[in-house]
Amino acid sequence: METLRKVTYEERLDPAFEEQVAAEPGGERIWDCIQCGTCSAICPVSVYMDLTPRRIIGMIRAGFRHEVLNAVSPWICTSCYACTVECPEKIRITDIMYIVKRMAMKESEYHRFVVPAIEEAFVKMVCRNGRLTESRMGMKVARKSGLRYTVAMMPIAWRLMRKDRLRPLHVERMADPESLRKALATIKEVTCAASTPPTRPAPAVTA
Ligand code: SF4
Ligand code: SF4
């Protein structure tokens with residue numbers, strides 16, 4: 001098997017990346033990683049990942065911002081929490097996967113893969129209408145994912161429409177979407193307030 005190695009020059013590294021991740025809820029303990037690899041060993045889908053959970057943590061700490069934000073791994077993560085349960089340093093790896101996804105979407109720097117497009121469409125639609133309209137979401141995802149994906153999905157869409165499971169003109173909407181938006185804003189506020197401000201551990205002093 002051919003092994004490809006990519007060299008990243010130090011000037012492309014972002015030393016602030018680690019602190020930004022540590023400042024997000026769930027990222028606080030990233031500095032405690034001992035690179036034991038338990039998370040990668042326990043992860044049921046690490047075999048399909050381009051960067052294993054251990055490498056994701058290590059690369060965040062080393063400042064590989066672009067490589068981590070463009071990785072497929074966070075989008076493959078199934079949120080099973082096995083890594084978080086087994087980590088000897090109690091690092092919330094699953095939450096760190098979510099932090100990476102949020103950052104990638106915010107900075108529009110993510111792998112051109114269908115899952116980010118689905119997540120983006122889902123969040124926008126639920127925040128706006130309080131409910132999900134599958135036909136509209138399908139159209140948005142198709143627009144972002146390219147012609148090949150759209151053509152591949154056409155037979156499925158057609159079968160669903162024939163069974164009245166997909167209604168292109170119908171929009172699902174809750175009676176008061178504003179109340180949901182307020183609830184989400186409160187959750188965000190409370191979660192951020194509860195998060196412990198990160199403190200980088202002082203280097204060990206030897207006699
Ligand atoms: S299990 Fe925890 S300590 Fe070990 S490599 Fe993974 S994140 Fe680091
Ligand atoms: S939460 Fe994600 S990264 Fe962790 S073990 Fe499950 S699939 Fe792997």
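1. A starting definition: the expected span of a helix is 1.5 Å times one less than its number of residues. Keep that rule at hand for helix 7, and bear in mind throughout that this is a predicted model.

2. Let's try the rule out. Helix 7 has 14 residues, so at 1.5 Å a residue it should span 20 Å, and the 20 Å between its end C-alpha atoms agrees with that. Just past this helix comes serine 108, whose phi is positive, at about 50°.

3. Now for the overall layout. The protein chain holds eleven helices and zero strands, giving the pattern α-α-α-α-α-α-α-α-α-α-α when read along the sequence. There are 207 residues in the protein chain, and 21% of them count as buried. If you take the contacts with a separation of 6 or more, 66% are between residues 24 or more positions apart.

4. Helix 7 deserves a second look. Its buried residues are Ile93, Thr94, Ile96, Met97, Ile99 and Val100. What do the buried residues of helix 7 pack against? Their partners are helix 1 (17-22), helix 2 (38-42), helix 3 (53-62), helix 4 (65-69), helix 5 (73-76) and helix 6.

5. Ligand 2 is a good place to visit next. It is surrounded by 14 residues, and the closest are Cys43, Cys77, Cys80, Cys83 and Thr94. Two elements, helix 6 (82-86) and helix 7 (93-106), each give two or more residues to this shell. Helix 7 gives the most, with three residues. Thr94 therefore appears in two roles here: it is among the closest residues to ligand 2, and it is one of the buried residues of helix 7. By class, the shell around ligand 2 has eleven nonpolar residues, three polar ones and no charged ones.

6. Further along the chain, leucine 184 sits in helix 11 (residues 177-194). Is leucine 184 buried, exposed or partly exposed? A residue is partly exposed when its count of other C-beta atoms within 10 Å falls between the 12 or fewer of an exposed residue and the 20 or more of a buried one. Leucine 184 has 13 C-beta neighbours inside 10 Å, so it counts as partly exposed. Its C-alpha atom is 8.6 Å from that of cysteine 127, with the two positions 57 residues apart in sequence numbering.

7. Finally, take a look at histidine 170, in the loop between helix 10 (147-162) and helix 11. Histidine 170 is exposed because 11 other C-beta atoms lie within 10 Å. Arginine 136 is 34 residues away along the chain, and the C-alpha atoms of histidine 170 and arginine 136 are separated by 8.8 Å.

Conventions
Residues numbered from 1 in each chain as written. Chains lettered and ligands numbered in written order. Predicted model: local features only at pLDDT ≥ 70, side-chain atom pairs only at ≥ 80, totals over all residues. Near = placed C-beta within 6 Å. Helix = DSSP H or I, 4+ residues; strand = E, 2+ residues; numbered from the N terminus. Nonpolar A, V, L, I, M, F, W, Y, C, P; charged D, E, K, R; others polar. Contact = placed C-beta atoms within 7 Å.
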